[in-house]
Amino acid sequence: MNAILIPYFKIACELSNFQSYLVTFAFYISYFVMSLPSAYLLKRLGFKKGMMVGFWAMATGAFIFVPAALTRTYEVFLLGLFTIGAGLAVLQTAANPYITVLGPKERAAQRISIMGICNKGAGILAPLLFAAVILKATDTDLFRELGTMNEAAKNSALDELIRRVIFPYSCVGTVLLGLGLMVRYSPLPEINTEQESAEVATANADKKSIFQFPHLILGAVSIFLHVGHR
């Protein structure tokens, strides 16, 4: 939904182009910040509790949008976006291994591909649904009239505009809280990352460095280029 938020925040919070694109920066920088902490968190709590924490962190970020909208404070919106991204980083760190290990090993790549297709489908639907909720047919006229309004009328109109995010993000936060509880008490088995199977241990016995796993390096480069392209 960030693609919708950029122009929306630019108008509602009266931002420069640079400030508006911090929406994307605040979200994706959380992946960089949370990459290593996510691994330590999952090692300490386990994967199921870790996914719950990820969902709840995202819920917290969504709920931060409420005071941000009530005060029309752009910096608080950025904090909410960063928190959502941090929770998503934890969630993806835990969820991706589950996709690969829950089921036949031979079909792991197929399951990852299906997950990617679902992810892309949601990426198409979410902005459309979000725009339908917060944007109105009369907004074009409102945007034209903002320049002719006095300061009090303009602030009132912008306050009304930005507060439209309260309802959808409150709903998103509530759903994420529920999903966190569902995962925590689901029958999903815990993933043991401390022990390797005999087959894996034998195959990797002579490997001492991450750079001896070229498929991992190439995968990281592919993801970097994919996110950079987006």
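Is Glu14 buried, partly exposed or exposed? At 40% relative accessibility, Glu14 counts as partly exposed. The legends below walk through this and other close-ups of a predicted model.

**View 1. Glu14, a loop residue with a positive phi.** Let's start with the residue from the opening question. Glu14 sits in the loop that links helix H1 (2-12) to helix H2 (17-20). Its phi is positive, at about 55 degrees, although Glu14 is not a glycine. With a relative accessibility of 40%, Glu14 is classed as partly exposed, because that class runs between 20% and 50%.

**View 2. Arg72, a buried loop residue with a positive phi.** Here we move to the loop between H4 and helix H5 (74-101), where Arg72 is placed. Arg72 is not a glycine either, yet its phi is positive, at about 50 degrees. The relative accessibility of Arg72 is 18%, so this residue counts as buried; the cut-off for that class is under 20%.

**View 3. Thr83 and its surroundings in helix H5.** Next comes a residue within helix H5, Thr83. Thr83 has a relative accessible area of 17% and is therefore buried. What lies 2.8 Å from a polar atom of the Thr83 side chain? It is the backbone oxygen of Leu79. Leaving aside residues up to four places away in sequence, Thr83 touches Ala57, Met58, Thr60, Gly61 and Ile64.

**View 4. A nonpolar patch on the surface.** Five residues make up this patch: Trp56, Phe63, Leu177, Leu181 and Tyr185. Together they offer about 490 Å² of accessible area. Which helices each supply at least two residues of the patch? They are helix H4 (47-71) and helix H9 (166-184). One member to pick out is Leu181, which is found in helix H9. Leu181 has a relative accessibility of 43%, so it counts as partly exposed. That value also fits the patch criterion, which asks for over 30% relative accessible area.

**View 5. Ala126 and Ile4, a pair separated in sequence.** The last close-up turns to helix H6 (residues 108-134), which holds Ala126. How far apart are Ala126 and Ile4 in space, C-alpha to C-alpha? The distance is 9.8 Å, while 122 residues separate the two in sequence. Ala126 has 28% relative accessibility and so counts as partly exposed.

Key: Residues are numbered from 1 along each chain as its sequence is written. This is a predicted model: local features need pLDDT of at least 70, side-chain atom pairs count only at pLDDT 80 or more; totals for chains, interfaces and linings use all residues. Side-chain values use heavy atoms; hydrogens and water are left out. Patches are made of residues with over 30% relative accessible area and no salt bridge: like charges are joined within 9 Å, nonpolar side chains (Val, Leu, Ile, Met, Phe, Trp, Tyr) within 5 Å. Accessible areas come from the Shrake-Rupley method with a 1.4 Å probe; for residues, only the protein chains shown count as cover. A salt bridge is a side-chain nitrogen of Lys or Arg within 4 Å of a carboxyl oxygen of Asp or Glu. Helices (H or I, at least four residues) and strands (E, at least two) are DSSP runs, numbered from the N terminus. Buried means under 20% relative accessible area, exposed over 50%, partly exposed in between (1.4 Å probe, protein chains only). A polar contact is a pair of N or O atoms within 3.5 Å; within protein, one must be able to donate a hydrogen and the other to accept it, and residues adjacent in sequence count only if both atoms are side-chain atoms. Contact means heavy atoms within 4.5 Å.
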